[in-house]
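Colleague: I'd like to go through this model with you and ask how each label is earned. Can you put it up first?

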Protein chains: 2
Amino acid sequence: MKQQKRDRRSQRTQRLVSAAFAEIMTEKSYEKILVQDILDRAGIGRTTFYAHYFDKEDVLNHIVEQELAMLTGHIAQAAQGQRIIPSLELFVHAYASANQQLRALICSSAGKPLLDALQAALCRMIEPTLSTLCTERRSPPIPLPVVSEYLAGAFLTLFKWWVTADMPYPPEQMDSIFQQLALPGVWAMLKEK
Amino acid sequence: MKQQKRDRRSQRTQRLVSAAFAEIMTEKSYEKILVQDILDRAGIGRTTFYAHYFDKEDVLNHIVEQELAMLTGHIAQAAQGQRIIPSLELFVHAYASANQQLRALICSSAGKPLLDALQAALCRMIEPTLSTLCTERRSPPIPLPVVSEYLAGAFLTLFKWWVTADMPYPPEQMDSIFQQLALPGVWAMLKEK
DNA sequence: TCGGTAGCAAACACGCTGTTCTTCAAAATG
DNA sequence: CATTTTGAAGAACAGCGTGTTTGCTACCGA
């Protein structure tokens, strides 16, 4: 339904709009962005815009989808099962791409959908791994969904802080910090009985 | 500046508006709430509303301030320095008050200001405690601001999940879970060296 | 050469906002 | 008890942003 408009039209306008939107988002908060701003910046007409998108929110969703796809893409590439959570890959990806778009998205309250989706994606990835680790030693003292939520959230907290603070440390160090802080609790839980 | 209107007018209207707003927020997302909705629900006139508030956002800020004051109030009551973070008090408070307002706020993207403020408040509380614990054993391997950010975020992640999931466990258990998962990493960091 | 496609500009109706003005009732004041 | 003062209601209004419609242009492929 929501895809119809986008899919069967030219790529050009989409690129222009995405670029313009990303640019504007680094300058003012999502709520204050007008459709007119996007038109001006992208250099396209009103009609064209509404031929591709339903409204401003549709553009945001588009961007979020893109960004999420990039992130989960990098997650998938990482050999699974090795570590519980592919934290290093995510830190590295963000560091390498260094796009302001991601930063603006994470800071703004409009980025909540992205962060929520990431959290959910991480949880979906963590829980099975955790589950197999656990059946070997049976009966977890803490419900597994809670543990995955914690792990995903702990990672995202550090990730958010790091991106917001303009990535003051290299990705390797951030990964190491995450491992040191967040994982001992999980190991301890798995060991006891 | 922003306070002028609110402070010098009657309390009655504020109560009506707050109640109406909290009610509506459990029914539709913040973005979709119209001023007219508030007027209808609160049973007040347009003129009266704008005599007290600048706009819809002003109401939201008002509510956020209230909620934040309640939470930080409960934090302050907790004897400080005992534990690094007064997690139990926060779980208990949320459980006892059981207000839908808090839940709606946390779920909606409009609640980001509240969560950010809470995160900041927790950090401000954690860092000094952490700092004293650390000078005794000198030179932390991980920058302390990062550690406080992690701790506050790890707590809030669990808190958010718990509230969103309608508080399926008693506060004591949640506190215990938090202690088991999030703290070992911090102790380990403090011990080494 | 001609249909189809993608675009622009202008104009528009609509919905919501925030303001203004007029009226009214209930307090406060003497 | 009469009279100011105050807070609020209602209606009307201008302003702005949205999303749609219309008419026109340009390009592209058969």
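Colleague: Which residues are the closest to DNA strand C, and how many surround the strand?

Modeller: Keep in mind that this is a predicted model. In it, 15 residues surround DNA strand C, and the closest are A:Thr13, A:Gly45, A:Thr47, A:Thr48 and B:Tyr50.

Colleague: What makes A:Thr47 a polar contact of a base in DNA strand C?

Modeller: A side-chain N or O atom of A:Thr47 is 2.5 Å from a base nitrogen of DNA strand C. The cut-off for a pair of N or O atoms is 3.5 Å, so a pair at 2.5 Å counts.

Colleague: Which side chains have an N or O atom 2.8 Å from a phosphate oxygen of that strand?

Modeller: A:Ser10 has one at 2.8 Å from a phosphate oxygen of DNA strand C, and B:Tyr50 has one at 2.8 Å from a phosphate oxygen too. As for the elements, helix H2 (11-25) and H4 of chain A, together with H4 of chain B, are the ones giving two or more residues to the surface near DNA strand C. By class, that surface splits into 4 nonpolar, 8 polar and 3 charged residues.

Colleague: Now the other strand. How do you know that B:His52 is in polar contact with DNA strand D?

Modeller: From a polar side-chain atom of B:His52 to a phosphate oxygen of DNA strand D it's 3.4 Å. The limit is 3.5 Å, so the pair passes. B:Thr13 also has a polar side-chain atom by a phosphate oxygen of DNA strand D, at 2.9 Å. On the base side, an N or O atom in the side chain of A:Arg46 is 3.1 Å from a base nitrogen of DNA strand D.

Colleague: Which elements give two or more residues to the surface near DNA strand D?

Modeller: Helix H4 (46-52) of chain A and helix H4 (46-52) of chain B. In total, 14 residues surround DNA strand D, made up of 4 nonpolar, 8 polar and 2 charged. Of the strand D atoms within 4 Å of the protein, 56% belong to sugar or phosphate, with the rest in bases.

Colleague: Let's move to the protein-protein side. How many salt bridges are there across the interface of chain B and chain A?

Modeller: The rule finds 0 salt bridges there. That rule asks for a Lys or Arg side-chain nitrogen within 4 Å of an Asp or Glu carboxyl oxygen, so no pair across this interface meets it. Polar contacts do turn up, in 5 residue pairs with both partners at pLDDT 80 or more.

Colleague: What makes up the side of chain B that touches chain A?

Modeller: Helix H7 (100-107), helix H8 (112-135), helix H9 (144-164) and helix H10 (171-191) of chain B each supply at least two residues. H9(B) gives the most, with 9 residues. The classes on that side are 16 nonpolar, 7 polar and 3 charged.

Colleague: How much area do the two chains bury between them?

Modeller: About 2400 Å², with 73% of it on carbon and sulfur atoms. In chain B, the residues losing the most area to chain A are B:Lys112, B:Tyr150 and B:Leu181, together 26% of what that side buries. Each chain's share of the contact is 26 residues from chain B and 26 residues from chain A.

Colleague: And where is confidence lowest in chain A?

Modeller: In helix H1 (residues 4-7) of chain A, at a mean of 60, whereas helix H3 (residues 35-42) of chain A is highest at 98. Chain A averages a pLDDT of 90, and 90% of the residues score at least 70. Where pLDDT is low, the predicted coordinates shouldn't be read in detail.

Note on methods:
Residues are numbered from 1 along each chain as its sequence is written. Chains are lettered from A and ligands numbered from 1 in the order in which they are written. Side-chain values use heavy atoms; hydrogens and water are left out. A residue is near a molecule or strand if one of its heavy atoms lies within 4 Å of it. A polar contact is a pair of N or O atoms within 3.5 Å; within protein, one must be able to donate a hydrogen and the other to accept it, and residues adjacent in sequence count only if both atoms are side-chain atoms. Helices (H or I, at least four residues) and strands (E, at least two) are DSSP runs, numbered from the N terminus. Ala, Val, Leu, Ile, Met, Phe, Trp, Tyr, Cys and Pro count as nonpolar, Asp, Glu, Lys and Arg as charged, and the others, Gly among them, as polar. Contact means heavy atoms within 4.5 Å. Buried area is the accessible area (1.4 Å probe) that two parts lose on being put together, summed over both. pLDDT is the predictor's confidence in each residue, from 0 to 100.
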